Each structure stands twice: as C-alpha cells, then as structure tokens.
Number of protein chains: 2
Amino acid sequence: VAVNLRAPDAAQLHPVAGVELGVAMAGVRKANRKDLLVVRLAPGSSVAGVFTRNRFCAAPVLLAKRHLRNPVRALVVNTGNANAGTGADGLRRALAVCRALASSLGCKVGQVLPFSTGVIMEPLPDARIVAGLPQAIADLQAGNWLAAAEAIMTTDTVAKAASVQVRLSSGRATITGIAKGSGMIRPDMATMLGFVATDAKIARSALQRITKQAADASFNCITVDGDTSTNDAFMCLATGKGPVARSGKDLKAIGAALTQVAQQLAQAIVRDGEGATKFVTVRVERGRSAAECRKVAYAIAHSPLVKTAFFASDPNLGRILAAIGYAGVAGLDTSKVDLYLDEVLVAKSGGRHAGYREDQGVAAMRKPEFTVRAVLNRGKAAATVWTCDLSFDYVKINAEYRS
Amino acid sequence: VAVNLRAPDAAQLHPVAGVELGVAMAGVRKANRKDLLVVRLAPGSSVAGVFTRNRFCAAPVLLAKRHLRNPVRALVVNTGNANAGTGADGLRRALAVCRALASSLGCKVGQVLPFSTGVIMEPLPDARIVAGLPQAIADLQAGNWLAAAEAIMTTDTVAKAASVQVRLSSGRATITGIAKGSGMIRPDMATMLGFVATDAKIARSALQRITKQAADASFNCITVDGDTSTNDAFMCLATGKGPVARSGKDLKAIGAALTQVAQQLAQAIVRDGEGATKFVTVRVERGRSAAECRKVAYAIAHSPLVKTAFFASDPNLGRILAAIGYAGVAGLDTSKVDLYLDEVLVAKSGGRHAGYREDQGVAAMRKPEFTVRAVLNRGKAAATVWTCDLSFDYVKINAEYRS
C-alpha cells in the first residue's frame, strides 16, 4: 500500500552498543498486537529531543521534557492511546508507568521518558501497560530494532526503520532509528514518534544541536494532512559505547549521518501516509526567505484540491497556482511565477506555458513519485516539503479509525 | 445530496425593479447546459463589491475591480472556465467579452463587470461566449433569478438563491440574490460568486460599507476545504427604482436584510459543499480577540481528521482538542478549555469531562446539523464559522472534476 516502501530487513538494522529494546503485547487497545516498547540505555548515555508545539501536548510529552534534565536510563512507548487531552489524570497515569519501569530496572522514576501514541482524550490504561512491562523487560536485546518499529505502529502499514554507519576519527559509529506516523502528520517540531540511537560519544549540548538540525531537515519538512499531533517527539540517544565525536569534523559527520537516517524515516512516514498512493516532493525556489518558501510549499501540500488532483493523476494544475496565490506571501508578483512538474514547464510568468501539453502533465503525475517545483523569482531562498495525495482510503481510514 | 437544502422556488424570488437577467447555453465547457448569465442594470444604479485576496486573482476579477469605478450597466458571468492563471491573454479575452456585450447593450466597455468560475489555467473560450451573448440578451427579464442561479453553478448540486423584503421609511424594499460555490471555498473577502440586488436607492459609499459588513458576517465565515478561490466576488447592486435608504435607520434595516440574504446564500454553499453530508457550526467563545477565535474555529473546520470524524459520526473528539492546540493561539492555557457538542459537555478544563458518555457524542453527531462549541475562558470575544464534513464524495468529485 505504501509508496515505494517495504518493511526493513532486520539484518540491515545494525545494533547500537548500549541500547537494548524489548516489546510486549499489553492489550492497550487491541489484543494480540505488539503495543509496548521498552528501551534500556547504558549508564552515561546522552539524550536529546524535540517535541510538538501543539498547546494540547500530551501528558507523556510534558513528563519526557521534564525527565530529560536527568541522566536518562530508559524509554517506554505505548501505542493505542495517546494520553493527550487527559488533564491531571493523564499525568498521574503516565507517571505510574514510569514508576513501575524504574522500579523494575533499578533506576529513578525521573530517569524514564514516557511516550504514547494513539487515540486522543481517552484514559490511558496504565494498569494494563504496567502489567505488560515484565514481558517487555524479559525481551530486552540489542537486535530488536525491527520488533521495536512494529511495536509503535498505529495506522502505519509498514514498519519504519533505518540504519547507517559512519567513520569518525576514532572509529566507526553506528546510527539506527525507528519512527511511526501515518495520520495527524504535520510536525511542528518533530514527528509523531521517532527514536534514533548511536553508539558515538557526544556531549548533550552538541547532541541537542544536531538533533534540532536533523529534525528541521527531515520531520519538520513533511506533511500528510496538516494536523500537528499532540504527541510529536523525536529523540536522539547517544550511548558513548563507540567512538568519541568531539571535533567539529566528527560532529559534522555524525550530524550528517543522523540527518540521513531522520530523512529516511520522515520520508517513510509520508510514503506510508494514510491512504497515500503518491509521494510528492514540493520544492519552492527563489523566494525572499526560507520561511515564505515553506509557506508556499505547505499551502500546496495541504490543499485538498491539489492532493485529490495528485490522487487522480489529473494535471488540474491551476489548483497549484491558486494555492500559491493564497499562501500569504505579501506582495507576491504572480506574473513572475513559474511552475514545473518534474522537468515539464507548466506555467511561465504566472500563466499557462504556451508549449505545455496536458499529456506531459499526465505522464509526470502518473508516476508514484514526482516533484512539483514553483519558482517565485523574487529572491534566493528555497524550501522543500514532502507530502502525499488525498485518496478515498484517507477518508476510509479516518472515518473508521477506532471502530 | 446537499444538507437540508432544496432548490429555491422561483415564485418566492421577488423580482428587483431595475434588474433584468438573461441566460444562455454557450457551450463554454460542456454542451446543453446553462453557462452564461447577463445582468442588465437600470441607469443610475449603485454597485459595490468585495473580491478575493488570492494573489493569483483571475483576469475578470482584475477587470471588475477596475470597471467598478464607472457607472455600471451590466454584468456578464460564465461558468466552466475561471480565466485564472491565464496572464495577459486572459485579460484580453475577458475584455473581448465585455466589449461585445457593451456594444450590444449600447454602453461603454468600462461599464460591464465580467465574472468567471470553473477550471483554472485554461484559456477562456471567449469566442463561444461572445456567440452566446445574443441568446442571453434576448432572454433578459426581471423574473429570471432562478435561471440565473442555475447558470452560474459548477459542482453545485442545488441552485442557490434567497429573497427578502424589508420596510424602509419610504416604502418596501426588495432584496434578492444568488450565489454559487461548492469546492475551493474559503472566502478571504467574499465567496466564489455572489450577486445580491435591491431596488432601494443607496449611495455607493454606503452600499460599499454595507456590502463589506454583510460579507464579513456571511461568506467570510464559511469554509468547505480551506482553498481560497482565485475568483471570489460578492457584488451588491442597488438600482434605486424603489424606496430611498439614506437615514441611519433605513441603512441599518437594509444592511440587516442584505446580511440575512448573504448568510442564507453562504450557508447554502456549505450545505452543498462538495460531498457534504453534515452542516456544522463551529463556535469559539471567550477568546481574547475575534481574530484568535477565528483562528481556532478555522483550525477545527479545516482539519481533515476532524472533518472525516464528522463524516463518520464518530465522536473522536480528541482530534478537535488537537486542532485547538495547534491553531497558533499564543499562551493558550489548555487546562481552561471546555468543549461542547451541541449541549453535551465533552471536555472540561482541557480533559475529558467525567460525566461525558460516548453515546451522547454519537447522538449529537448523527444529526445532519450540529454545533461544535469551544470555550477558551480567557476573554470576551467570540467567532462562528460554518463548515461541512470531508466524505468519500469530496475525493470522488475532485479526483474526477474535469473528466
């Protein structure tokens, strides 16, 4: 179902020294599915993260932000229930889960980061999660990345994981990560849930900077439906069991590798976007600022009319011009705007290009992946957003989700 | 198909002295359908209007704005082609239509206002429209409002018209109007196309003020899909053949009546929104400003997740909290937010209300019309937006539109 995306091969997901993962079926929402993940980190690990800017951020997000100040020893993630819009009661339940895990692992409650994803505004079944912890703890092992990716899925149809290795001055570092997310995807800071670990030794402040840069170049460039989740979190874990990354060059190398993994995960989320049949890159060039290019790119990527045209492979491309026009770019001179579909020049100087033939547009849009490129011709900035189409199945999935 | 909306009864649409309407089948896009409307105004009429703020506004919008400076004698409206994203060539074609009509009616080209609606970025078939003008002119009559409403439809399934009479100090004034619009509906200034006429005598400056107020209280409060059209225009025509409206009291009365007609037309557009099965009023109360209330209302009304939940009658109401949370209200304290579905208290102080039972939510949402009410509890301002759900048919219509 997903666009050019297959489940990762477990053998290609390098274990990360200092990270163990265990999963369980806790019956959070449905029976007989992996829905609980525990991650244990070696002492001395650095952890950094970015979180949703949705004001209704979930109870676990509030706790994870708070606990991030401490030396983190474990993460606990459940799917099936977001524990958002649950007020003070939600905080109590999330804390109960952290407390139980801390007690089992022999650390403090403040050293556990909780994460939840699923239905909003329903009470977290914390007792069922706590009851599932022993099974997940018994399962803890370094080679469990694929099972971990499966345990955090909601409406995802394909598990999402990526892994690379990079040479630093003192040896080879491994970076492996997982993510989930299929609907309610328009990260404002991060994605639904993304976890990337490395064995490199990185100071927390450097890791936080790299994490933010990676998020900005990956999860913060995607949208499925424009809905910013209450539970977005992207976490980077550096165990320090491998090579040290301290020099500018090493940090640059590890940052680039981490961004590569994050982009692969972020694009996987769009490829598996709810109902997606097309993976579309929206590139806006020659704007005055990256911010205005992003505005235009998101206007295109969020327009239901543009997205249904993508679905139909119908080059009804005037809808893209309309979206550019209402994106809110002050003083935009539309008579300077050019529009391309892959290499096909569709609109020139704000109007249909004389040489454009509709069969060219159809040919480009029939492909499962293509690029919409808008050239504003008023500056030197650019931005890219990855998105998908709006299909019958998006409506079906979201009209039937929960039932 | 439309939600609690039937085609108007021609007998209930009062003719407006000084206004004649004529329609034709010009074959703009499809054969054998009314697609051309000519409106002739008595000399001395006042005309006011508000237009889209989409930067890619259509050629006819540019011309209509320019010609509005002159004493207007006629309007010409075609459906099937928006003449937007068509550059200088689009202006030439729109002007050719104005010129032909002016010549037939014996007025100047600058006294004709052109309007177009339909597919964007395709050349206007001006020759076919010009060839259709004699048929429309031969059809000119005061009792033609229903035919006029039919002649401007695109994906509309029901013709939209409304008519009221109001007593002024010097006699009874009539107000009759038509509108069209079904998709690409998120007016930023006005709707797709709305035309309201009155026989009252109103100075142009007063008419412009009343028109803006009526638009703000009607077309500027609706959304179907969040896409602001390139062709939005809402025009008010005052022929002066009936009672004079000059006193503050008369102007207030006529303004209220005009707003009533405009609201009826605007709500009809939402009821007939593409694929709509629900008509939903989103009311946001106790915000700090009307602007922030509108932000929240539109975030709810535009969320594809909220709209598909409406479609499914599934009270997955956490999605509404999520939309409130990302609406961009700085400093919003979510622990003060209450949420109602009609009279049912769903969330209290930012979390699920203890007394809320899901069957209450289902009962409210199963109705074809209901109200979502969010109470921010941080000020005294409020705003209302009317919207519809997102259904399979929205995708179907927009994936197949044009074919």
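A salt bridge is a side-chain nitrogen of Lys or Arg within 4 Å of a carboxyl oxygen of Asp or Glu. The structure discussed here is a predicted model, and this report begins with its salt bridges before turning to the interface, the core and several individual residues.

## Salt bridges

Over all chains, a search of the whole structure finds 32 salt bridges. Three of those in chain B are set out below.

| Pair | Closest N to O distance |
|---|---|
| B:Arg92 and B:Asp89 | 3.8 Å |
| B:Asp89 and B:Arg93 | 2.7 Å |
| B:Arg357 and B:Asp359 | 3.4 Å |

The pair B:Arg92 and B:Asp89 meets the definition because its N to O distance of 3.8 Å lies within 4 Å. Both residues belong to helix α2 of chain B, where they stand three residues apart, about one turn of the helix. B:Asp89 also forms a salt bridge with B:Arg93; these two lie in helix α2 of chain B as well, four residues apart, again about one turn. An α-helix has 3.6 residues a turn, so residues three or four places apart point the same way.

The three side chains differ in their accessibility class. B:Arg92 counts as exposed because its relative accessible area is 53%, and exposed means over 50%. B:Asp89, at 29% relative accessibility, is partly exposed, and B:Arg93, at 24%, is also partly exposed.

In the pair B:Arg357 and B:Asp359, B:Arg357 is partly exposed at 47% relative accessibility, and B:Asp359 is partly exposed at 47%. In chain A, salt bridges that share partners join A:Asp89, A:Arg92, A:Arg93 and A:Asp126 into one network.

## The interface between the chains

How many residues of chain B are in contact with chain A? There are 58, and they touch 58 residues of chain A. The two chains bury about 4700 Å² between them, and 62% of this area is on carbon and sulfur atoms. The size of an interface is often given as the accessible area lost when the parts come together.

Across this interface the rule finds zero salt bridges, but it does find 18 residue pairs in polar contact, with both residues at pLDDT 80 or more. On the side of chain B that touches chain A, at least two residues each come from α8 (304–312), α9 (318–326), β12 (344–348), β13 (351–352) and α11 (392–400). Helix α9(B) gives the most, with seven residues. By class, this side of chain B has 28 nonpolar, 18 polar and twelve charged residues.

Helix α8(B), one of these contributors, is mostly covered, as seven of its nine residues are buried. The buried residues are B:Pro304, B:Leu305, B:Val306, B:Lys307, B:Thr308, B:Ala309 and B:Phe310.

## The nonpolar core

The largest nonpolar core has 252 residues. Those with the most contacts inside this core are A:Phe115, A:Ile254, A:Ile324, B:Phe115, B:Ile254 and B:Ile324. Leaving aside neighbours within four places in sequence, B:Ile254 is in contact with several residues, including B:Val166, B:Leu168, B:Ile175, B:Ala200 and B:Ile210.

B:Val385 lies in strand β15 (residues 381–388) of chain B. Because its relative accessibility is 0%, B:Val385 counts as buried. Not counting residues up to four places away in sequence, B:Val385 touches eight named partners: B:Cys221, B:Thr223, B:Val280, B:Thr281, B:Val282, B:Ala297, B:Tyr298 and B:Ala301. B:Val385 and B:Val3 are 382 residues apart in sequence and 16 Å apart in space, C-alpha to C-alpha.

## Residues in loops

Most residues other than glycine have a negative phi, and most peptide bonds are trans. Which sign does the phi of B:Asn83 have? Its value is positive, near 50 degrees. B:Asn83 is in the loop between β4 (74–81) and α2 (87–105) of chain B and is buried, at 0% relative accessibility.

A:Ser313 likewise has a positive phi near 50 degrees. Its place is in the loop between α8 (304–312) and α9 (318–326) of chain A, and at 14% relative accessibility A:Ser313 counts as buried. In chain B, B:Ser313 takes a positive phi of about 50 degrees just after α8(B).

B:Asn144 is found in the loop between α3 (126–138) and α4 (145–151) of chain B. Is B:Asn144 buried or exposed? At 10% relative accessibility, B:Asn144 counts as buried. Its side chain reaches the backbone oxygen of B:Leu21 at 2.8 Å. Apart from neighbours within four places in sequence, B:Asn144 is in contact with B:Leu21, B:Gly22 and B:Asp139.

How values were computed
Residues numbered from 1 in each chain as written. Chains lettered and ligands numbered in written order. Predicted model: local features only at pLDDT ≥ 70, side-chain atom pairs only at ≥ 80, totals over all residues. Heavy atoms only, no water. Core = buried A, V, L, I, M, F, W, Y, C linked by side-chain atoms within 4.5 Å. Buried < 20%, exposed > 50% of the residue type's maximum accessible area, 1.4 Å probe, protein only. Contact = heavy atoms within 4.5 Å. Buried area = accessible area lost by both parts, 1.4 Å probe. Polar contact = N/O pair within 3.5 Å; in protein donor to acceptor, adjacent residues only side chain to side chain. Nonpolar A, V, L, I, M, F, W, Y, C, P; charged D, E, K, R; others polar.
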